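Below are my comments on the model, set out as numbered points. Please read them with the sequence and the coordinates open side by side.

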Amino acid sequence: MTQNHSQTKRWVRITQAKDIPLREGRSIQIAGHEIAIFNLGDRFLAVENRCPHRGGPLADGIVSGRSVVCPLHAWKVDLETGRVTNRSEESPCVKNFPAAVQDGVVMLELSVPEDHSVALEAPCVARQIPQISSLSAGD
Amino acid sequence: MNRLVVVGNGMAGVGCVEQILKHAAKFEIVVFGDETHVNYNRILLSSVLGGEKAADDIVLNPLEWYENNHIQLRLGVRITDIDPIAKSLTGDDGSITSFDKLLLATGSVPLIPPIEGTKKDGVHVFRNLDDTRALVDRAGQGIKAVVIGGGLLGLEAARGLQIQGCEVTVVHLMDTLMERQLDFTGGGYLKSKMECLGVRVLLERSTAAILGNGKVEGVAFKDGSTVDADIVVIAAGIRPNVELARKVGLQVNRGIVVSDFLETSHPDIFAVGECVEHRGTCYGLVAPLLEQGKVLAATITGNKGPRYEGTVTAAKLKIMGVDVFSAGDFSEKMPGTDVIRYEDAALGIYKKLTLRDGKLTGAILVGDTSDSHRYMDWLRSQEDLTLHRRQLLFPGPSEDAGLDVAEMPDTKVVCGCLGVTKGAIIEAIHQKGINTLAQLKECTRASTGCGSCTEHCQQLLKAVVPEFHEESEKVLCKCLPYSEEKLRDIVRGQRLFAVQEVLDIYGNGLGCEICKPALSYMMDMVWCGDHDEDRSARFINDRVHANIQKDGTFSVVPRMRGGVTSAKELRRIADVAEKYNVPMVKITGSQRIDLLGVKKSDLPRVWADLGMPSGQAYTKGVRMVKTCVGTDFCRFGVQDSTKAGIELERRLEHLFTPAKVKMGAVGCPRNCAEATVKDIGLVGQEGAWQVVVGGAAGKKVRKTDLLITVESTEEALQAATLFFQYYRENANFLERTYDFIERVGIEKVRRETVYASLAVQQGLRERLRKSKRLARDAWLEGDEPRQPTQFVQIEPIEKVCQ
């Protein structure tokens with residue numbers, strides 16, 4: 001999506017961490033993106049929910065370490081870098097989004113229009129990932 | 001003929017007798033054993049404790065062996081006295097036996113530390129088969145076991161008890177486990193591996209007393225702490241069993257003192273094994289015993305010459321998934337010692353080598369023992385390694401396995417446990433016409449000890465025997481370097497109930513799209529629902545019970561047994577198609593109706609509205625039975641294929657299989673429902689059914705093989721289900737029946753299903769029944785999804801506009 005000068009980056013509260021089971025992904029739609037969020041046990045990672053190959057829903061893939069395998073044709077995407085790791089030919093990266101958990105809520109850092117920013121109670125300190133061990137309770 | 005009496009029917013005594021038999025017949029041999037068993041492989045007792053092997057599986061010399069070699073075997077008799085002058089011995093049964101030569105192979109006895117309460121009920125040792133049986137009887141779910149001693153034996157006992165269901169604590173006096181074999185770092189890795197398996201480890205605990213009123217209730221330590229226990233196993237070490245030798249007046253220190261020819265201080269008495277002390281050393285491992293046996297056999301048969309000069313010993317922990325190897329002297333203290341180390345904490349791998357003057361003096365391997373043979377060779381050969389210095393921990397890149405075997409000298413010991421050389425193996429292969437690993441094991445005993453040389457033996461067979469087929473060791477994937485057959489054993493034997501557990505203990509901890517679904521299937525097949533199903537390890541189709549399409553929507557195929565439907569069902573299907581705007585409604589090639597393009601979030605409601613069970617069209621499971629109209633309407637039908645097909649589908653539906661299973665039933669050989677290209681087919685004949693298996697009509701086209709011809713429909717269904725369960729248990733994941741049959745061979749399949757013994761057939765049926773009992777129509781989950789957010793589109797808490 002296009003970014004213009006009226007946009008700003010900020011952390012947006014998305015969903016309860018327990019809504020995303022351990023080693024699974026779920027997709028959400030926000031700010032013009034469809035985003036796949038994964039629970040890796042010790043952290044959450046988020047990428048665009050679209051495989052660079054044929055647009056497959058990455059959120060439905062099997063998690064392999066910090067990668068996900070697209071359910072359509074088994075392209076493997078590194079969730080940290082967005083790179084496809086099991087194809088020899090060049091392929092575009094998947095866009096990734098900073099993700100964190102605060103007070104049991106998964107947050108994503110997104111570009112949003114400035115005039116719609118809603119002040120958070122504790123804004124943007126969520127980069128530090130808090131204790132997540134309790135979060136895998138969703139499993 | 002002279003009489004040779006052997007006291008001790010264990011590996012050392014009988015091993016020596018085996019060597020004596022290789023020399024010209026000279027003796028009438030009598031063997032006394034105080035256990036009531038024939039000679040068995042003591043190293044494998046921990047496998048018996050863990051339930052991986054039965055007592056019969058570890059027998060080394062069956063009764064026939066004694067008979068065939070004219071050896072008089074006296075079991076259950078303990079020798080109480082020896083008269084060295086009259087040259088006779090007395091048994092505890094009162095018998096008196098004279099000898100010309102006497103061989104003492106009395107082994108060792110468990111060391112019982114001087115702590116209070118060791119006589120209480122529930123205190124065990126772990127030394128022989130009877131001890132093992134007693135432990136197996138006591139062990140069980142929820143039983144608290146404390147193992148005193150964190151050495152090789154203690155750890156193996158701990159794991160065995162834990163597999164039996166016990167909650168196990170290992171208590172060790174020192175600050176690190178297996179301190180005689182491992183340094184502090186290696187011990188640390190071992191500890192975390194044991195803990196990962198679920199064994200609790202307490203270090204630096206000195207046991208003060210075993211608590212309980214007559215019966216064990218706990219263990220108290222000198223620091224004042226206690227742990228609860230229902231059973232206590234003392235595995236604090238062994239000491240040579242020298243009682244008899246002392247009585248006779250032989251020279252005894254810690255063990256019976258022997259020369260390089262294994263002679264004792266009496267000219268007609270010899271000793272071998274764990275009871276001896278040679279050049280100040282008592283050995284407690286198997287390799288030295290066998291080397292000693294060879295030397296003694298020469299000495300005692302009048303061929304005195306070969307000397308025993310001591311053994312470089314190596315220890316290997318036999319706990320699956322906890323690889324530990326140690327050999328030589330690994331201490332770093334001696335000046336001039338070079339230490340080479342490698343460590344990967346995440347993978348739990350630790351390797352350490354010590355060198356002096358360019359020669360290997362010691363090796364420790366934890367987490368990866370694949371190179372142990374190389375190090376053993378270097379320790380034995382004392383080869384100068386200066387030129388290999390950069391490749392000590394990792395062999396050069398060009399080295400291939402075949403070359404490895406070819407370069408091995410004939411004198412190289414392949415099987416360290418039983419001392420079998422490459423030359424001996426090749427000789428056996430040529431002279432005995434061996435061409436399988438099983439035959440090789442039987443003939444040479446190679447790889448019957450710890451089993452770590454199996455790979456080398458296979459490589460040798462491959463190199464020497466042109467028709468040798470490697471026992472298909474195709475590994476599942478790089479996350480988990482085991483064949484599926486092996487993994488099934490691991491899952492069963494080690495009682496693993498979760499995919500992630502298997503990956504954590506035996507693999508790289510990550511898993512991938514290949515091994516995770518394969519392990520998920522394995523769990524389901526082995527435990528039939530008694531396991532923790534981990535949906536994250538399954539393909540999306542098996543999480544949402546529908547088949548993912550190229551646009552991320554799903555297809556829905558309700559079960560329509562035998563391809564028979566009704567007006568009511570068709571009406572409901574039509575209503576669903578309209579209500580959910582299903583873009584395509586299609587008749588499939590399997591006589592069913594496919595609703596394509598359904599949104600994930602609509603799935604539960606679609607199922608509810610259909611009111612039909614899942615057709616499993618999305619999974620590796622029972623798809624359908626395609627039928628023809630059989631006898632009800634058809635002019636030609638000779639068997640009621642519709643009814644038979646519906647019944648077959650009912651009996652097998654909702655079950656998972658290694659790959660999809662499509663079936664067919666036809667009422668006459670015209671084969672209108674194409675049963676002869678299905679995984680399982682029933683072909684009606686006049687007065688009979690042919691049960692056919694392994695057909696394909698996909699990427700590959702293959703006509704089925706005939707499994708059996710039977711008279712009644714019930715017999716046909718029974719035969720089909722026997723094959724079905726056999727395939728479930730033995731095929732690799734994603735292996736269709738036609739590939740499975742080509743790999744295994746239809747004769748073997750017949751032999752192990754329809755022609756198998758009643759007991760085997762009952763076993764297959766019983767396991768199928770259990771699975772079926774726990775199998776559910778997956779679409780019932782629509783009301784109660786496994787994960788609350790499985791079918792729900794998550795809405796962000798905060799709304800933002802674009």
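1. In this predicted model, the largest nonpolar core holds 69 residues, and the members that touch the most others are Leu155(B), Leu161(B), Leu190(B), Met194(B), Leu317(B), Leu480(B) and Val502(B). The element that gives the most to this core is helix 16 of chain B (residues 515-527), with 9 residues. A second core, separate from that one, comprises 50 residues, among them Val7(B), Phe32(B), Ile71(B) and Leu250(B). As background, nonpolar side chains tend to be buried together in soluble globular proteins.

2. Leu480(B) serves as an example of a well-connected core member, being one of the residues that touch the most other members. When residues up to four places away in sequence are not counted, Leu480(B) touches Val475(B), Leu487(B), Val502(B), Leu503(B), Tyr506(B), Gly507(B) and Leu519(B). Val502(B) appears in this list of contacts and is also named among the residues with the most core neighbours.

3. Helix 9 of chain B (residues 372-381) is largely enclosed by the rest of the structure, because 8 of its 10 residues are buried. Those buried residues are Ser372(B), His373(B), Arg374(B), Tyr375(B), Met376(B), Asp377(B), Trp378(B) and Leu379(B). What do the buried residues of helix 9 of chain B pack against? Their partners in chain B are strand 21 (314-319), strand 22 (322-328), strand 24 (349-356), strand 25 (359-366), strand 26 (413-415) and helix 13 (454-464). Gln382(B), which follows helix 9 of chain B, has a positive phi, near 55 degrees.

4. Helix 22 of chain B, which covers residues 713-730, has 18 residues and reaches 26 Å from its first C-alpha to its last, close to the 26 Å expected at 1.5 Å a residue. This helix 22 of chain B is also mostly covered, since 13 of its 18 residues are buried.

5. Gln19(B) lies in helix 1 of chain B (residues 11-22) and, with a relative accessibility of 16%, counts as buried. Leaving aside residues up to four places away in sequence, Gln19(B) touches Gly293(B), Lys294(B) and Ala297(B).

6. Over all chains, the count of salt bridges comes to 53. One of them joins Arg205(B) to Asp223(B), with the closest N and O atoms 3.7 Å apart. This pair links distant parts of the chain, 18 residues apart: Arg205(B) is in the loop between strand 12 (200-202) and strand 13 (207-211) of chain B, while Asp223(B) is in the loop between strand 14 (218-221) and strand 15 (226-228) of chain B. Arg205(B) is partly exposed at a relative accessible area of 23%, whereas Asp223(B), at 52%, is exposed.

7. Glu735(B) and Arg743(B) also meet through their side chains in a salt bridge, at 2.7 Å from N to O. Is each partner of this pair buried or exposed? Glu735(B) is buried, with a relative accessible area of 10%, and Arg743(B) is partly exposed, with 39%.

8. A further salt bridge, between Arg769(B) and Glu766(B), has its closest N and O atoms 3.1 Å apart. Both residues lie in helix 25 of chain B (residues 758-774), 3 residues apart, which is about one turn of the helix. Arg769(B) counts as partly exposed at 47% relative accessibility, and Glu766(B) counts as partly exposed at 38%. Elsewhere, salt bridges that share partners join Glu533(B), Arg535(B), Arg538(B), Asp542(B), Glu781(B) and Arg786(B) into one network.

9. Strand 32 (residues 584-587) and strand 33 (residues 593-598) of chain B run antiparallel and are joined by 4 bridges. The two strands form a hairpin with 5 residues between them, and in the turn Gln591(B) has a positive phi of about 60 degrees. Within this pairing, Ile587(B) has Ile593(B), in strand 33 of chain B, as its bridge partner.

10. Chain A contains 0 helices and 10 strands. Of its 139 residues, 55% are buried, and chain A exposes about 6500 Å², of which carbon and sulfur atoms supply 43%. Among the contacts in chain A with a separation of 6 or more, 48% are between residues 24 or more positions apart.

Notes
Residues numbered from 1 in each chain as written. Chains lettered and ligands numbered in written order. Predicted model: local features only at pLDDT ≥ 70, side-chain atom pairs only at ≥ 80, totals over all residues. Heavy atoms only, no water. Pairing = 2+ DSSP bridges. Buried < 20%, exposed > 50% of the residue type's maximum accessible area, 1.4 Å probe, protein only. Contact = heavy atoms within 4.5 Å. Areas by Shrake-Rupley, 256 points an atom, 1.4 Å probe, with all protein chains shown as cover. Expected span 1.5 Å × (residues − 1). Salt bridge = Lys/Arg side-chain N within 4 Å of Asp/Glu carboxyl O. Core = buried A, V, L, I, M, F, W, Y, C linked by side-chain atoms within 4.5 Å.
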